[in-house]
Amino acid sequence: MFKDISHSGLLSLFSNLGRNPLMIWDKEVRNGHIKQVMDNDTKSMELELEEAIVIATYITCPADPKMTLGIKLPFLVVVVKNLKKAFTYEVQLLDDKNNRRRFRASTYHSTIRVKPYICTMPLRLGDDWNQILFNLQSINRRAYGTNYIETLRVRIHANCRVSRVYFSDRVYSEDELPAEFKLYRPSRTESREVDHPEQTLRT
């Protein structure tokens, strides 16, 4: 179902380049919207999620709730536009103790909190487009002291515009990325890493 595109160390989960970007995703909308819009920065159609109640509108992969992704690559990259509203996304993974852990990064959280099966953490976005790097092995080990095995599910909530979601075997520079993975954006676009070294995990 999931095919590497142009590079053996990269695996695309979402892209606006195809006819049906949400083919392997499910979506939920309450009072907001999920739709393709023309973005002034990228000059292309991007997927926009907007909702007053952030958790009520989202896209999730895989579409079938009984299935899991089974992706073993340790880095998740989400390319989103900051709409200057509350935004959150969530990753569910499996560790080497056969525990399912959820990690939720949100712009409205101010501290990291670790509970038995969910870790919530703050997410700081720059203006316009951001490339969010999630080091799954590192954050899981720091939060729970176990090793990352595979990603089971990814869920992206309002409010944002999504251009690309992909996994990688390591951190790639912009020059190393294949054209399909690049977002042609203004130089002020920032790269954000969720796993900030200076942050302290709290229970």
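## A tour from Tyr-108 inward

Start by selecting Tyr-108: its relative accessible area is 40%, so it is partly exposed (buried means under 20%, exposed over 50%, partly exposed in between, with a 1.4 Å probe and protein chains only). The model is predicted: local features need pLDDT of at least 70, side-chain atom pairs count only at pLDDT 80 or more, and totals for chains, interfaces and linings use all residues. Residues are numbered from 1 along each chain as its sequence is written, and side-chain values use heavy atoms, without hydrogens and water.

**Stop 1: the surface patch**

Tyr-108 sits in the loop between strand 8 (100–106) and strand 9 (113–114). Strands (E, at least two residues) and helices (H or I, at least four) are DSSP runs, numbered from the N terminus. Add Ile-53 and Ile-55 to the selection. With Tyr-108 they form a nonpolar surface patch of about 290 Å² accessible area together. Accessible areas come from the Shrake-Rupley method with a 1.4 Å probe; for residues, only the protein chains shown count as cover. Patch residues have over 30% relative accessible area and no salt bridge, with nonpolar side chains (Val, Leu, Ile, Met, Phe, Trp, Tyr) joined within 5 Å and like charges within 9 Å. A salt bridge here is a side-chain nitrogen of Lys or Arg within 4 Å of a carboxyl oxygen of Asp or Glu.

Now pick Ala-52. It is in the loop between strand 4 (44–50) and strand 5. Its relative accessibility is 78%, so it counts as exposed. Measure across to Ala-86: the C-alpha atoms are 8.6 Å apart, with the two positions 34 residues apart in sequence numbering.

**Stop 2: the open sheet**

Switch to cartoon. The protein chain has 14 strands and 1 helix. Seek out the open sheet of 7 strands, ordered 2-5-12-7-8-10-9, with mixed pairing. Strand 2 (26–28) and strand 9 are at the edges with a single partner strand each, so one side of each has no neighbour in the sheet. Two strands pair if DSSP finds at least two bridges between them.

Select strand 8 and strand 10 (residues 118–122). They run parallel, joined by 5 bridges. Arg-104 has Thr-120 in strand 10 as its bridge partner.

**Stop 3: strand 12**

Colour residues 148–157. Is strand 12 enclosed or open? Of its 10 residues, 8 are buried, so the rest of the structure largely encloses it. Strand 5 (residues 58–61) runs antiparallel to strand 12, with 4 bridges. Thr-60 stands opposite Arg-155 there. Strand 7 (residues 88–95) is also antiparallel to strand 12, over 7 bridges. Look for Gln-92 opposite Arg-153.

**Stop 4: the cores**

Show side chains. The largest nonpolar core has 43 residues; Leu-13, Trp-25, Leu-76, Tyr-89 and Ile-156 have the most contacts inside it. Such a core is a set of buried Ala, Val, Leu, Ile, Met, Phe, Trp, Tyr and Cys residues joined through side-chain atoms within 4.5 Å. Apart from the largest core lies another, of 10 residues, including Trp-129, Leu-133, Leu-177 and Phe-181.

Zoom to Val-165 in strand 13 (residues 160–168). Its relative accessible area is 0%, so it is buried. Which residues does Val-165 touch? Leaving out residues up to four places away in sequence, they are Ser-12, Leu-13, Phe-14, Leu-76, Val-77, Val-78 and Ile-156. Contact means heavy atoms within 4.5 Å. The C-alpha atoms of Val-165 and Ser-15 are 6.7 Å apart, though 150 residues separate them along the chain.

**Last stop: the whole chain**

Zoom out. Of the 203 residues in the protein chain, 53% are buried. Among contacts between residues at least 6 apart in sequence, 71% join residues at least 24 apart.
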